[in-house]
Amino acid sequence: MVDKKAKISFQEKNIEVPIIEGTMGKPAIDARKLDQKGFLSYDPGFTSTASCSSAITYVDGENSTLLYRGYPIEQLAEHCDFLDVAYLLFNGELPKPLAKEKYQGIINSHNLLHDQINNIYRGYRRDAHPMAVMIGVVGSMSAFYFDDMNINNLKHRRQSAYRLLAKMPTIAAWSYTYSLGLPFIYPKYDVGYGDNFLNMMFSVPNKPYQVNPVLSKAFEKILILHADHEQNASTSTVRLVGSTGANPFACIASGIASLWGPAHGGANEATLKMLSEIKNESRIGDYIKRAKDKDDDFRLMGFGHRVYRNHDPRAEIMKKTCHDILDELGLNNEPLFKLANTLERIALEDEYFIEKKLYPNVDFYSGIVMRALGIPNSMFTAVFALARTAGWIAHWNEMMTSAENKIGRPRQIYTGKTRRNL
Ligand code: ACO
């Protein structure tokens with residue numbers, strides 16, 4: 001590798017800092033030794049900061065590219081199921097048929113929850129948000145799996161990863177059925193990952209439930225598209241908490257908490273809420289006006305992205321899936337979908353959105369697809385969380401093996417009072 005350096009000059013100081021380059025993407029100024037040279041770097045929101053090096057996911061916002069372990073998201077969404085992708089994210093390669101069968105068997109053998117966890121659910125109010133319940137239940141799993149776990153041992157980390165991935169659909173589905181006062185439906189051993197979740201969500205003991213294969217495929221796509229997105233807020237949260245050596249279930253609970261916010265994973269729920277509020281096309285203009293008004297904190301939900309300054313490749317796939325699902329269900333004239341289409345068109349023609357490069361993100365359409373699948377609004381972010389668990393555990397594992405791993409501890413520019421006496 002060529003030894004490249006950047007020069008920083010300030011007042012009397014002239015320093016050289018190394019440049020780090022990955023296999024793709026922008027080069028970075030190595031700021032690790034800046035402190036010793038009398039400087040800090042300042043970057044609230046980490047808009048220009050690479051917090052780690054990672055070989056898992058590559059996002060190129062300018063060219064609308066998303067690769068998991070080098071594979072384009074479009075190809076993965078077309079040819080793989082979610083477990084293929086979860087395996088790929090963690091292990092670096094897609095599973096061969098035998099390995100896939102074994103992996104599926106391991107995941108399905110871990111999908112039950114400790115019976116004592118049923119009691120944890122019963123401590124919640126019935127109207128609690130599923131994300132609030134999930135944070136609590138996943139966090140409390142650290143009280144069930146701790147004494148035989150050494151997070152520096154790959155075998156133990158794998159075991160935690162299996163448990164998390166396998167149990168998440170059960171945890172998420174039960175947070176919904178609990179809110180309805182319905183009995184918990186147990187996961188099955190011989191059913192696919194997504195179908196197991198749908199079955200636990202929608203079947204009841206007194207009525208058979210059959211998962212429609214078209215809907216099942218669409219659901220797998222939602223999971224694949226949301227499985228990872230490099231150092232987003234929730235993944236960075238998992239890494240930061242993990243950097244302290246915390247229990248992995250506690251790390252993932254922190255990721256769920258971070259995902260919940262409307263600026264991140266909560267955007268799918270917020271988009272549907274916004275569309276229901278807009279109600280009809282004649283009111284779109286008012287909402288666009290509000291979104292552009294500096295004195296109004298309203299934002300067009302499902303629009304904009306920190307990294308994609310061109311279109312979000314996941315949004316394209318989701319939009320197509322949305323069409324397929326509405327076709328299958330005969331819901332082409334579904335008013336919310338028509339409203340979403342018109343809103344998208346008007347926003348994309350608007351100078352403000354063009355100039356600020358604000359395009360629909362994956363969550364603009366994923367909410368409509370989930371609604372068509374019968375998943376209630378309050379569960380949208382929970383579905384996102386179960387998909388993103390695949391990414392979180394892959395990043396946590398990668399971080400634990402990295403020689404660069406250090407406790408995450410940002411610095412600050414102090415703007416308070418200078419020293420004074422009482
Ligand atoms: N509606 C109206 N204006 C917007 C929107 C929006 N959705 N998003 C950004 N802007 C404006 C901002 O007001 C800002 O304007 P200014 O330059 O005049 O101050 C400019 O565009 C840049 O926005 P920032 O907030 O600086 O961009 P940032 O990268 O910090 O935020 C974010 C990205 C949080 C996604 C933002 O676009 C947003 O809030 N979108 C709506 C929520 C959403 O859909 N989130 C989902 C993200 S995708 C995901 O998590 C899967």
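## Hairpin of S1 and S2

Strands here are DSSP runs of E with at least two residues, numbered from the N terminus. The model is predicted.

Strand S1 covers residues 5-10, and strand S2 covers residues 13-20. The two pair in the antiparallel sense. Six bridges hold the pairing. At the turn end, Phe10 stands opposite Lys13 of S2. The hairpin leaves two residues between its strands. Gln11 takes a positive phi there, near 50 degrees.

S2 has a further partner in strand S3, residues 28-29. S2 and S3 run antiparallel and are joined by two bridges. One residue pair can be named: Ile19 has Ile29 of S3 as its bridge partner.

## Hairpin of S4 and S5

Strand S4 (residues 57-60) pairs with strand S5 (residues 65-68) in the antiparallel sense. Four bridges link them. Val59 has its bridge partner in S5, namely Leu66. Four residues lie between the two strands of this hairpin. In the turn, Ser64 has a positive phi of about 50 degrees.

In a regular strand, side chains alternate between the two faces of the sheet. Both faces of S4 are covered. Thr57 and Val59 are buried on one side. Tyr58 and Asp60 are buried on the other.

## Asn108 in helix H3

Helix H3 spans residues 97-109 and contains Asn108. The relative accessible area of Asn108 is 5%. Buried means under 20%, so Asn108 is buried. Which residues does Asn108 contact, leaving aside its neighbours within four places in sequence? They are Lys188, Tyr189, Asp190 and Val191.

## The ligand shell

The ligand has 22 residues around it. Lys294, Leu300, Phe303, Arg306 and Lys356 come nearest. By class, eleven residues of the shell are nonpolar. Five are polar and six are charged.

Polar contacts reach both oxygen and nitrogen atoms of the ligand. A side-chain N or O atom of Lys294 is 2.9 Å from a ligand oxygen. For Arg309, a side-chain N or O atom is 3.3 Å from an oxygen atom of the ligand. Tyr352 places a polar side-chain atom 2.9 Å from a ligand nitrogen. On its own the ligand has 930 Å² of accessible area, and the protein covers 77% of this.

## Lys356, between H15 and H16

Lys356 is one of the residues that come nearest to the ligand. Its place is the loop between helix H15 (351-355) and helix H16 (362-372). Is Lys356 buried, partly exposed or exposed? Its relative accessible area is 38%. Partly exposed lies between the 20% and 50% cut-offs, so Lys356 is partly exposed.

Lys292 and Lys356 are 64 residues apart along the chain. Their C-alpha atoms are separated by 11 Å.

## Helix H16 and its cover

How many of the eleven residues of H16 are buried? Ten are, and the helix is mostly covered. Among the buried residues are Val362, Phe364, Tyr365, Ile368, Val369, Met370 and Ala372. The list also includes Asp363, Ser366 and Gly367.

Several helices help to cover these buried residues. They include H8 (213-225), H11 (267-278) and H13 (313-328). H14 (335-349) and H17 (380-401) also contribute. Just after H16 comes Gly374, with a positive phi of about 90 degrees.

Note on methods:
Residues numbered from 1 in each chain as written. Predicted model: local features only at pLDDT ≥ 70, side-chain atom pairs only at ≥ 80, totals over all residues. Heavy atoms only, no water. Pairing = 2+ DSSP bridges. Buried < 20%, exposed > 50% of the residue type's maximum accessible area, 1.4 Å probe, protein only. Contact = heavy atoms within 4.5 Å. Near = heavy atom within 4 Å. Polar contact = N/O pair within 3.5 Å; in protein donor to acceptor, adjacent residues only side chain to side chain. Areas by Shrake-Rupley, 256 points an atom, 1.4 Å probe, with all protein chains shown as cover. Nonpolar A, V, L, I, M, F, W, Y, C, P; charged D, E, K, R; others polar.
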